[in-house]
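Student: I would like to learn how to read the inside of a protein model, and I am not sure where to begin. Could you take me through one?

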Amino acid sequence: MARGLPRTGSALLQSTAYHGRVSSECLFCRIVSGELPADVVHREKGIIAFTDIHPVAETHVLVVPERHIDDLRHIQDSDAELWLRMACVANEVAADLGHEQGYRFYVSVGSAGGQTVPHLHIHVMGGSMRRLPV
Ligand code: 5GP
Ligand code: ZN
(Lines give C-alpha, C1' and ligand atoms only; values in the text may rest on other atoms or scores of the structure.)
(Ligands and ions follow the chains in the order given, each with its own letter.)
Protein backbone atom coordinates (compact mmCIF):
# COMPACT_ATOMS: atom_id res chain seq x y z
CA MET A 1 0.00 0.00 0.00
CA ALA A 2 2.91 2.30 0.73
CA ARG A 3 4.47 1.79 -2.64
CA GLY A 4 3.83 3.43 -5.94
CA LEU A 5 2.52 6.78 -4.78
CA PRO A 6 2.12 9.18 -7.67
CA ARG A 7 5.13 11.44 -7.93
CA THR A 8 5.44 15.12 -7.32
CA GLY A 9 3.63 17.35 -9.77
CA SER A 10 1.42 14.58 -11.15
CA ALA A 11 -1.40 16.02 -13.24
CA LEU A 12 -3.83 13.71 -11.44
CA LEU A 13 -2.85 15.03 -8.04
CA GLN A 14 -2.86 18.65 -9.13
CA SER A 15 -6.31 18.33 -10.66
CA THR A 16 -7.96 16.72 -7.63
CA ALA A 17 -10.20 19.49 -6.39
CA TYR A 18 -11.58 19.66 -2.87
CA HIS A 19 -15.10 20.98 -2.51
CA GLY A 20 -15.41 20.89 1.29
CA ARG A 21 -15.32 23.72 3.77
CA VAL A 22 -12.15 25.77 3.71
CA SER A 23 -11.16 29.15 5.11
CA SER A 24 -10.14 31.80 2.60
CA GLU A 25 -7.98 33.29 5.36
CA CYS A 26 -5.96 30.12 5.84
CA LEU A 27 -2.89 29.41 3.74
CA PHE A 28 -3.26 25.63 3.78
CA CYS A 29 -7.01 25.82 3.10
CA ARG A 30 -6.13 27.85 0.01
CA ILE A 31 -3.72 25.11 -1.06
CA VAL A 32 -6.39 22.46 -0.38
CA SER A 33 -8.90 24.34 -2.56
CA GLY A 34 -6.33 24.76 -5.35
CA GLU A 35 -6.33 28.54 -5.05
CA LEU A 36 -2.62 28.45 -4.22
CA PRO A 37 -0.17 26.09 -5.90
CA ALA A 38 1.77 23.39 -4.09
CA ASP A 39 4.08 20.56 -4.99
CA VAL A 40 1.59 17.79 -4.16
CA VAL A 41 3.11 14.38 -3.48
CA HIS A 42 0.01 12.56 -2.28
CA ARG A 43 -3.71 13.15 -2.22
CA GLU A 44 -6.60 11.04 -1.04
CA LYS A 45 -10.03 11.63 0.45
CA GLY A 46 -9.62 14.11 3.29
CA ILE A 47 -5.83 14.41 3.20
CA ILE A 48 -3.23 16.17 1.06
CA ALA A 49 0.57 16.04 1.34
CA PHE A 50 2.86 18.58 -0.30
CA THR A 51 6.45 19.70 -0.15
CA ASP A 52 7.31 22.36 2.41
CA ILE A 53 8.12 25.63 0.66
CA HIS A 54 11.22 26.06 2.84
CA PRO A 55 12.52 22.50 3.20
CA VAL A 56 14.98 21.96 6.03
CA ALA A 57 15.63 18.33 5.13
CA GLU A 58 16.29 16.38 1.97
CA THR A 59 12.65 15.32 2.17
CA HIS A 60 10.32 17.77 3.86
CA VAL A 61 6.65 17.10 3.26
CA LEU A 62 3.61 18.38 5.13
CA VAL A 63 0.66 16.03 5.66
CA VAL A 64 -2.48 18.13 5.99
CA PRO A 65 -6.16 17.36 6.58
CA GLU A 66 -8.37 18.92 3.92
CA ARG A 67 -10.77 20.05 6.62
CA HIS A 68 -9.59 23.06 8.58
CA ILE A 69 -8.45 22.13 12.08
CA ASP A 70 -6.40 24.80 13.85
CA ASP A 71 -3.97 22.47 15.58
CA LEU A 72 -3.66 19.14 17.36
CA ARG A 73 -5.42 20.46 20.45
CA HIS A 74 -8.61 20.72 18.39
CA ILE A 75 -8.91 17.10 17.31
CA GLN A 76 -11.69 15.06 18.87
CA ASP A 77 -12.53 11.39 19.26
CA SER A 78 -14.45 11.61 15.99
CA ASP A 79 -11.17 12.53 14.26
CA ALA A 80 -9.48 9.27 15.31
CA GLU A 81 -9.68 7.75 11.85
CA LEU A 82 -8.43 10.95 10.20
CA TRP A 83 -5.47 11.26 12.56
CA LEU A 84 -4.53 7.60 12.14
CA ARG A 85 -4.75 7.91 8.39
CA MET A 86 -2.58 11.07 8.47
CA ALA A 87 0.06 9.07 10.37
CA CYS A 88 -0.18 6.28 7.78
CA VAL A 89 0.17 8.80 4.94
CA ALA A 90 3.30 10.15 6.67
CA ASN A 91 4.72 6.60 6.75
CA GLU A 92 3.78 5.97 3.14
CA VAL A 93 5.21 9.23 1.82
CA ALA A 94 8.44 8.70 3.79
CA ALA A 95 8.80 5.14 2.49
CA ASP A 96 7.95 6.16 -1.06
CA LEU A 97 10.64 8.82 -0.94
CA GLY A 98 13.24 6.31 0.24
CA HIS A 99 13.20 6.73 4.01
CA GLU A 100 12.20 3.20 5.03
CA GLN A 101 14.96 3.30 7.66
CA GLY A 102 13.24 6.11 9.49
CA TYR A 103 12.34 9.75 9.38
CA ARG A 104 11.33 12.59 11.68
CA PHE A 105 7.61 12.97 12.42
CA TYR A 106 7.13 16.43 13.81
CA VAL A 107 4.07 18.39 14.87
CA SER A 108 4.13 21.90 16.28
CA VAL A 109 1.10 22.69 18.41
CA GLY A 110 0.02 26.30 18.73
CA SER A 111 2.15 29.41 18.39
CA ALA A 112 3.78 28.71 21.76
CA GLY A 113 4.76 25.34 20.30
CA GLY A 114 6.35 26.96 17.26
CA GLN A 115 3.40 26.56 14.91
CA THR A 116 3.45 29.25 12.25
CA VAL A 117 0.60 28.03 10.03
CA PRO A 118 -2.55 27.48 12.12
CA HIS A 119 -3.91 24.52 10.14
CA LEU A 120 -2.98 21.11 11.52
CA HIS A 121 -0.06 19.43 9.75
CA ILE A 122 2.56 16.76 10.25
CA HIS A 123 6.11 17.48 9.13
CA VAL A 124 7.69 14.46 7.43
CA MET A 125 11.44 15.01 7.36
CA GLY A 126 13.85 12.49 5.94
CA GLY A 127 17.47 12.30 4.93
CA SER A 128 19.98 14.96 5.88
CA MET A 129 18.44 17.71 7.99
CA ARG A 130 19.72 21.22 8.35
CA ARG A 131 17.70 22.28 11.39
CA LEU A 132 14.35 21.82 13.06
CA PRO A 133 11.62 24.14 11.85
CA VAL A 134 11.14 27.07 14.25
P1 5GP B 1 4.89 25.13 11.38
O2 5GP B 1 5.86 26.26 11.60
O3 5GP B 1 3.47 25.63 11.50
O4 5GP B 1 5.17 23.89 12.18
O5 5GP B 1 5.09 24.67 9.87
C6 5GP B 1 4.59 25.42 8.81
C7 5GP B 1 5.41 25.06 7.61
O8 5GP B 1 4.72 25.54 6.46
C9 5GP B 1 6.80 25.70 7.58
O10 5GP B 1 7.79 24.68 7.57
C11 5GP B 1 6.79 26.55 6.31
O12 5GP B 1 8.01 26.51 5.61
C13 5GP B 1 5.65 25.94 5.51
N14 5GP B 1 4.99 26.88 4.63
C15 5GP B 1 4.65 28.16 4.91
N16 5GP B 1 4.02 28.71 3.87
C17 5GP B 1 3.95 27.76 2.90
C18 5GP B 1 3.41 27.74 1.58
O19 5GP B 1 2.85 28.71 1.07
N20 5GP B 1 3.54 26.59 0.88
C21 5GP B 1 4.15 25.49 1.41
N22 5GP B 1 4.25 24.41 0.65
N23 5GP B 1 4.68 25.46 2.65
C24 5GP B 1 4.56 26.60 3.39
ZN1 ZN C 1 -7.08 25.92 7.02
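Student: Which residues touch the most other members of the largest nonpolar core?

Tutor: In soluble globular proteins, nonpolar side chains tend to be buried together. In this structure, which is a predicted model, the largest nonpolar core has 15 residues, and A49, V63, M86 and V124 touch the most other members. At least two residues of this core come from each of strand 2 (47-51), strand 3 (57-65), helix 3 (80-96) and strand 5 (122-129), and helix 3 gives the most, with six residues.

Student: If I set aside its neighbours within four places in sequence, what is V124 in contact with?

Tutor: Once those neighbours are left aside, V124 is in contact with T59, H60, V61 and V63, and also with A90, A94, Y103 and R104. Apart from the core we began with there lies another core, of twelve residues, which includes C26, V32, V40 and F50.

Student: How many residues of strand 2 are buried, and how is strand 2 joined to strand 1?

Tutor: Strand 2 is mostly covered, since four of its five residues are buried. It runs antiparallel to strand 1 (residues 40-44), and four bridges join the two; V40, for example, has F50 in strand 2 as its bridge partner. These two strands form a hairpin with two residues between them, and G46 in the turn has a positive phi of about 90°.

Student: And how many bridges join strand 2 to strand 3?

Tutor: Five bridges join this antiparallel pair, in which T51 stands opposite V61 of strand 3, and the hairpin that strand 2 and strand 3 form has five residues between them.

Conventions. Residues numbered from 1 in each chain as written. Chains lettered and ligands numbered in written order. Predicted model: local features only at pLDDT ≥ 70, side-chain atom pairs only at ≥ 80, totals over all residues. Heavy atoms only, no water. Core = buried A, V, L, I, M, F, W, Y, C linked by side-chain atoms within 4.5 Å. Buried < 20%, exposed > 50% of the residue type's maximum accessible area, 1.4 Å probe, protein only. Contact = heavy atoms within 4.5 Å. Pairing = 2+ DSSP bridges.
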